[in-house]
Amino acid sequence: MIYLDYQATTPLAPEAFEAMLPWLRDRHANPHSAHSAGRAAKAAVEVAREQVAALLPPGGRVAFTGGATEALNWAIKGAGGPVVTIATEHAAVLDTAEAMGSATILPVGRDGLVDLGAACAAIRPGVKLVAAMLVNNESGVFQPVAELAALAHEAGALFLCDAVQGYGRVPIPDDCDLIAVSAHKIHGPKGIGALWIRDGVDLATLLHGGDQEGGRSGTLSPALCAGFGVAAALMGERRERDAAHVELLWGLAIGRLDGWTINGAVDHRYRGNLNIRRDGLDVGRLMSDLRDVAFSAGSACASGSGRPSHVLRAIGLSDAEAKSSIRLGFGRYTTEAELIEALTRIDTAARAQRIAV
């Protein structure tokens with residue numbers, strides 16, 4: 001299997017796996033217990049918390065959650081509405097903001113970038129929260145997070161950054177108030193994320209109970225925390241190597257895309273996300289023909305819905321164009337040979353469809 005779906009999830013780093021093993025095998029104490037075994041588990045959690053925080057701005061705290069979806073829900077519901085966000089945001093933001101009953105959804109251009117004029121008009125006094133992705137999960141496009149945070153603060157609002165796809169890869173502006181991150185997008189385990197909360201920001205409680213994370217209740221898993229922490233530490237240690245490798249893979253990919261169109265901005269995007277389309281492409285047939293190549297027809301969170309990507313529709317693609325698009329995600333463990341083989345086979349299978357017609 002050639003794996004090219006890094007935006008859906010990344011392969012677990014061997015180092016993260018090894019860090020988790022003792023806590024899965026025989027160090028089973030509750031980290032919230034007062035006995036020595038519990039204190040040891042608590043210490044492991046706190047080490048992980050520091051490792052995750054090291055890639056985030058100073059002046060805030062890291063609260064562990066069950067994942068980024070929970071972190072985003074907590075930030076939005078905890079801050080309250082009205083909320084201003086962007087049409088290309090993850091469903092965890094859009095659906096939660098709309099559930100608040102007072103959401104303004106900002107449009108984007110063909111490049112996927114937010115309309116800053118519309119943002120200036122919408123982010124006015126009375127707005128409680130502005131939410132934006134650092135790196136889009138479907139297109140890889142960067143949003144002007146620092147500019148949006150400044151507009152939010154001028155209006156007296158908080159700024160939430162969904163940094164899930166950019167954490168450890170792209171600098172996160174210091175002027176965010178809330179930042180959501182996820183372990184399994186950085187070669188850590190699934191089932192754990194975090195919400196960074198700036199000092200002085202007071203959020204309403206999301207989950208009531210033991211209040212283990214200060215507004216989020218529930219027993220933490222030392223194993224998941226340890227895996228997250230080591231994965232975060234590796235992101236810091238390997239940042240330059242990973243970035244250079246991704247840039248190399250990007251160059252190999254775009255040199256083999258004759259007849260394909262890149263969706264969204266080419267310059268303002270994370271290079272490990274390649275969202276492309278080919279007129280008339282039957283993506284379902286393509287995936288069936290290439291079952292040993294893992295790539296995406298859109299966000300994994302919306303797979304099986306049958307609807308065209310809301311992100312691609314927001315940047316102005318027709319339903320037919322959106323449905324003829326695929327997303328290739330690659331990174332640390334993708335080899336040059338794997339990528340070249342996959343691209344060759346994808347292109348050959350796509351061209352064969354045209355011949356068959």
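Helices and strands here are DSSP runs, numbered from the N terminus. Keep that numbering in mind for every stop, including the loop between strand 8 and helix 7 that holds aspartate 211. The model is predicted.

**Stop 1: aspartate 211**

Select aspartate 211 in that loop between strand 8 and helix 7. Check its backbone: phi is near 55°, a positive value in a residue other than glycine. Is the residue buried or exposed? Aspartate 211 counts as partly exposed, because its relative accessibility is 40% and that class lies between 20% and 50%.

**Stop 2: histidine 187**

Move to histidine 187, in the loop between strand 7 (178-182) and strand 8 (193-198). Here too phi is positive in a residue other than glycine, near 75°. Histidine 187 has a relative accessible area of 2%, so it is buried.

**Stop 3: helix 1**

Select residues 14-25, which form helix 1. At 1.5 Å a residue, its twelve residues should span 16 Å. The end C-alpha atoms are 16 Å apart, so the model agrees with that expectation. Now color Ala16, Met20 and Trp23, the buried residues of helix 1. Look down the axis: these buried residues fall within an arc of 50°, so they line one face of the helix. What do they pack against? Show helix 2 (36-53) and helix 7 (222-237), the partners of the buried residues of helix 1.

**Stop 4: valine 45**

Stay with helix 2 and select valine 45. Valine 45 is buried, because its relative accessible area is 1%. Leaving out residues up to four places away in sequence, valine 45 touches Pro31, Phe64, Leu220, Pro222 and Cys225. Draw a distance to phenylalanine 64: the two C-alpha atoms are 9.4 Å apart in space, and the residues are 19 apart in sequence.

**Stop 5: phenylalanine 64 and the cores**

Center on phenylalanine 64 and show what surrounds it. Neighbours within four places in sequence aside, its contacts include Val45, Ala48, Arg49 and Val52. Further on in the sequence, it is in contact with residues including Ile192, Gly193, Ala194, Glu213 and Arg216. Leu220, Cys225 and Phe228 are also among its contacts.

Zoom out to the largest nonpolar core, which has 56 residues. Which residues have the most contacts inside it? Select Leu56, Phe64, Leu148, Phe159, Tyr167, Ile179 and Phe228. Helix 7 gives the most to this core, with seven residues. Another core, of 25 residues, lies apart from it. To find that one, pick Ala253, Leu286, Ala342 and Ala349, which are among its members. In soluble globular proteins, nonpolar side chains tend to be buried together.

**Stop 6: helix 8**

From Ala253, widen the selection to residues 239-254, helix 8. Its 16 residues should span 22 Å at 1.5 Å a residue, and its end C-alpha atoms are 22 Å apart, which agrees. Color the buried residues: Asp242, His245, Val246, Leu249, Trp250, Leu252 and Ala253. Down the axis of helix 8, they fall within an arc of 160°, so they line one face of the helix.

**Stop 7: asparagine 273**

Keep Trp250 shown and add asparagine 273, which touches it. Asparagine 273 lies in strand 10 (residues 273-277). With a relative accessibility of 1%, it counts as buried because the cut-off is under 20%. Beyond four places in sequence, its contacts also include Gln7, Arg327 and Leu328. Add Asn136, Asn137, Glu138, Ser139 and Gly140, which asparagine 273 touches as well.

**Stop 8: the cavity**

Gln7 leads to the next stop, as one of the residues lining the largest cavity. How many cavities of 30 Å³ or more are there? The count comes to one. About 50 Å³ of space lies in the largest cavity. Select its lining: Tyr6, Gln7, Thr10, Gln165, Arg169, Lys185, Tyr270, Gly272 and Phe330.

**Stop 9: helix 3 and the turn after it**

Finish at helix 3, which is mostly covered: ten of its twelve residues are buried. Among the buried ones are Glu70, Asn73 and Trp74. Its end C-alpha atoms are 16 Å apart, which agrees with the expected span of 16 Å. Glycine 80 follows helix 3, with a positive phi near 85°. Next, show the peptide bond from glycine 81 to proline 82: it is cis, with omega near 5°. Proline 82 sits in the loop between helix 3 (68-79) and strand 3 (83-86).

How values were computed:
Residues are numbered from 1 along each chain as its sequence is written. This is a predicted model: local features need pLDDT of at least 70, side-chain atom pairs count only at pLDDT 80 or more; totals for chains, interfaces and linings use all residues. Side-chain values use heavy atoms; hydrogens and water are left out. Helices (H or I, at least four residues) and strands (E, at least two) are DSSP runs, numbered from the N terminus. The expected span of a helix is 1.5 Å times one less than its number of residues. Buried means under 20% relative accessible area, exposed over 50%, partly exposed in between (1.4 Å probe, protein chains only). The arc is that of the directions from the helix axis to the C-beta atoms. Contact means heavy atoms within 4.5 Å. A nonpolar core is a set of buried Ala, Val, Leu, Ile, Met, Phe, Trp, Tyr and Cys residues joined through side-chain atoms within 4.5 Å. On a 1 Å grid over the protein atoms alone, a cavity is a set of points where a 1.4 Å probe fits but cannot get out, and a pocket is an open set with protein on both sides within 12 Å along at least five of seven lines; lining residues have an atom within 4 Å of a point. Grid points are joined across faces, edges and corners, and a volume is the space filled by probe spheres set on the points.
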